[in-house]
Amino acid sequence: MFRSSVVELKPTKYKWFWLVIGVYLTIGCYLLFVTYSKPFLNIEIQEENGRWIVTDPYYKDWADKQGVSPRDAVLDVDGIQINDIANIKYDFVIRAANDLTIMKPNGHLVHVQIKPQDIPQQFYYILVVPTSYYFLTLMISLYLYYNQKNTALLNLLILFILTVSLAYVSIGASGILNNVGIIVNRSSMLLCLVLLIHFLSKYFEFLNIEWMFFKNIKILYMLPVLVIFMSIFGITFRATHLILSNAILGLFFLLLIFILSTMVVGYMKYKTPQLKILLSSIIIPFLPFLFLYALPEIIFQKQILSADICSLFLMLIPFSFIFTQLTERIFDLEYFITRLRYYVSFSFVFTLWLLLGVYWFADLPISKMAEIFFFSFLSLTALFYAKEKIDYRKRKVLFSTKGDYIHRLYTTVDRIGRVIKIEDLLQKFVQEAAIHLEINSVYVLTYDYKNNQFISANKSTEYLHNHFDEVLIERLQLGDIKRIDKFYMAFIHQDVDYKRILVVDHNNSIHLKDEELLWLELLLLYLNNFIENTKMVEELLEQLKHMKVADKNQLPWLNKLLWYRFEEEKFQLAQELHDTNLQEQLHIAREVNALMHTKNTTDIQWQLAKIHEQMITSLYDLRVYCENLKPPLLDTLGLNAALDKLIQKTRKRADFVLLYSIDRLYLEDERLNLMIYRLFQELLNNAIKHSSSTTVEIHLQEMENGFGIFYTDDGVGFNMDAIIRSDSMGLKGMQERVQAFNGLFYINSEVGKGMSIQITVNEENNILDYAQSGWSSHFTRGH
């Protein structure tokens, strides 16, 4: 898997991880215990003539089952007279209770015992789902900490998902007005958004995108602290509880709008795919919470859906972040988003149709209709996804009675393509055809044009002449499959001497289906190409063999290839000389000509000195070209002296610090000296022209049976995929030089992270390892 070309954040040690986990476990377990200890009821009441009368039970099915109905008077809550409960006078809601004492309008007293399991919606939405989410978040955080790079970006992601989890599990405790639950719910609700803003600023830096808003994000961390004090004030002075709650909810709304606008502006400006995915991941889960709970609660003090239901969608946010950051290089996330959009479209339309039917035939409240909508919508989406997966796994049964022919074609071509001789190729093809067609009598029939006879290893000559018509075989063309009395005949390949035909003996008992005939036709096309390519390789090997026997230096086609290559090099050199040195010489000639015809002799000495300086510069440039064509000192004083001079020249031209070391090598092949010099020359020229480095290191080290060249710089680097697509001549030329001597060429670079190159050559290796070479391998990247 290739590394990303964007800038990575430097690893930072997350010292407080276990302290955070300890706080998370302590607070979370306490909140879950509080939620389980007292069932959430949310019964709305109002005072009439000194009594508190039930007006609207939130869980109507439970209320009907327990005999609690509007106009009932509530006397005691958990053994406490209702007038002694502090929040009743300001909240007008019985939040939670284990038992109630109710007086019916006829004066009859009813004692109601309540357990969490008695109210399924409350049990699942406020306890079971938050508990599952809480421990799942804990496991994911531990996984991220142990298995991924520990960066500042990842640390913020871990803190974010833990804070979202605490905000979610505190809904139940906050709903029953537990003091710790209120503080944790409100502060973590704001803290998760602040962490999200901090994460986005780092993520923009990660993508090399300018953060468009204020830089000092840490100031925002004062908001959760302020909310803690506001919550404590509201707990102390109950009359301010509702006002402060709406104020904090409004602050949450403003931060959320800021986050969404940041994402929208960033995406509209930069059109980055990562921002598109991240934007969808934030907007979609927040829409129900924003429009069905937060805004109605702020404006009308009346919610369309409760916070516990709307919060279910918020669970998608941290996990979508994890997918965006950690799995975008494991699978094609954009593909899965597209598939999800496809499933959602079908599910949404059908769910609306279903909801219209329910509305028409059943009189249900809006909250119940919304629950049905979300349950049906999510269930249908999951069903479509599962159906596609099952269809893919069962495609052999659903779409073919004898198997998946496309997959079989791929595996067959893969096996046949591994064979390198024509006869072995045909034999392997016959074996594969017999297995997949489930027919034993399959063989290749060869017609010899010279002797006008059939050849087959499976049948006698007399049998072949009696059963096969030469005219029919002659008419078979590429792609033809004919059915005659007892055989299927298919064209394989034809050349000057032979025509090869596939014969399938069916004996009037087997009839190949259309899918099988199509599979066979496509496979025959592949086989024909394989044979042609194999023949070309065999002919090339034969020419090389004859060349070796005849002791010839070159083949005609190789001479032509080298001649073209030399002409290309000479053209490139001529172009460079024309554009540089020749233009300078023409300029000097024009100045000398102008000087010869001038009548003003006062400044002639100064002008001659200027022309002389230009000539010296031009001669120096010309000498550099000559030295590049034939390295100085290499033939006389050796490789080390030539490299020392090259490095000294580079130091005069470069504006970076050059660190180097050169071991003395003892190489049997003197051509390697020239290759080493050229590699040093190309690496240092690239560093001067393109790297913008402050420090460059290059080392030539002696190794067992060879040598290694190690280059690093701290320059601008480059995108590996982009440089491969551009077919860079400099890098390609270096790689081809190394491959010519069966060396290994490793390169590693990222934008803004510099570049490192490692070259190793083993002088004893005489066989080119094609698995490690070739531009098509996109360079071998170091680790």
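Helices and strands here are DSSP runs, numbered from the N terminus, and an angle between two elements is taken between their N-to-C directions, from 0 to 180 degrees. The model shown in all views is predicted.

**View 1. Helix H22 lies across strands E13 and E14.** The helix comprises residues 639-653. Its direction makes about 175° with that of E13. E13 and E14, the latter formed by residues 695-703, pair in the parallel sense. Six bridges join E13 and E14.

**View 2. Two residue pairs mark the pairing of E13 with E14.** Tyr660 has Ile698 of E14 opposite it. Ile662 faces Leu700, also in E14.

**View 3. Five strands form an open sheet with mixed pairing.** The strand order is E13-E14-E15-E17-E16. Strand E13 (657-662) lies at one edge and strand E16 (744-749) at the other, and each of them pairs on one side only. From one strand to the next, the twist averages 5°.

**View 4. Helix H23 packs on the sheet that contains E13 and E14.** H23 spans residues 671-691 and touches four strands: E13, E14, E15 (706-713) and E17 (755-762). The directions of H23 and E15 differ by about 5°. Together with E13 and E14, H23 makes a β-α-β unit, and this unit is left-handed.

**View 5. A further open sheet of five strands has antiparallel pairing.** Its strands are arranged in the order E9-E8-E12-E11-E10. The edges are occupied by strand E9 (453-455) and strand E10 (481-483), each pairing on one side only. The twist in this sheet averages 30° from one strand to the next.

**View 6. Strands E11 and E12 run antiparallel.** E11 consists of residues 487-494 and E12 of residues 498-505. The two strands are joined by seven bridges. Within this pairing, Phe491 stands opposite Ile501, a residue of E12.

**View 7. Helix H16 packs on the antiparallel sheet.** The helix is formed by residues 422-437. Its contacts with the sheet involve strand E8 (442-448) together with E11 and E12. The direction of H16 makes an angle of about 140° with that of E8.

Definitions and conventions:
Residues numbered from 1 in each chain as written. Predicted model: local features only at pLDDT ≥ 70, side-chain atom pairs only at ≥ 80, totals over all residues. Heavy atoms only, no water. Pairing = 2+ DSSP bridges. Contact = heavy atoms within 4.5 Å. Right-handed = clockwise from strand over helix to strand, strands pointing away.
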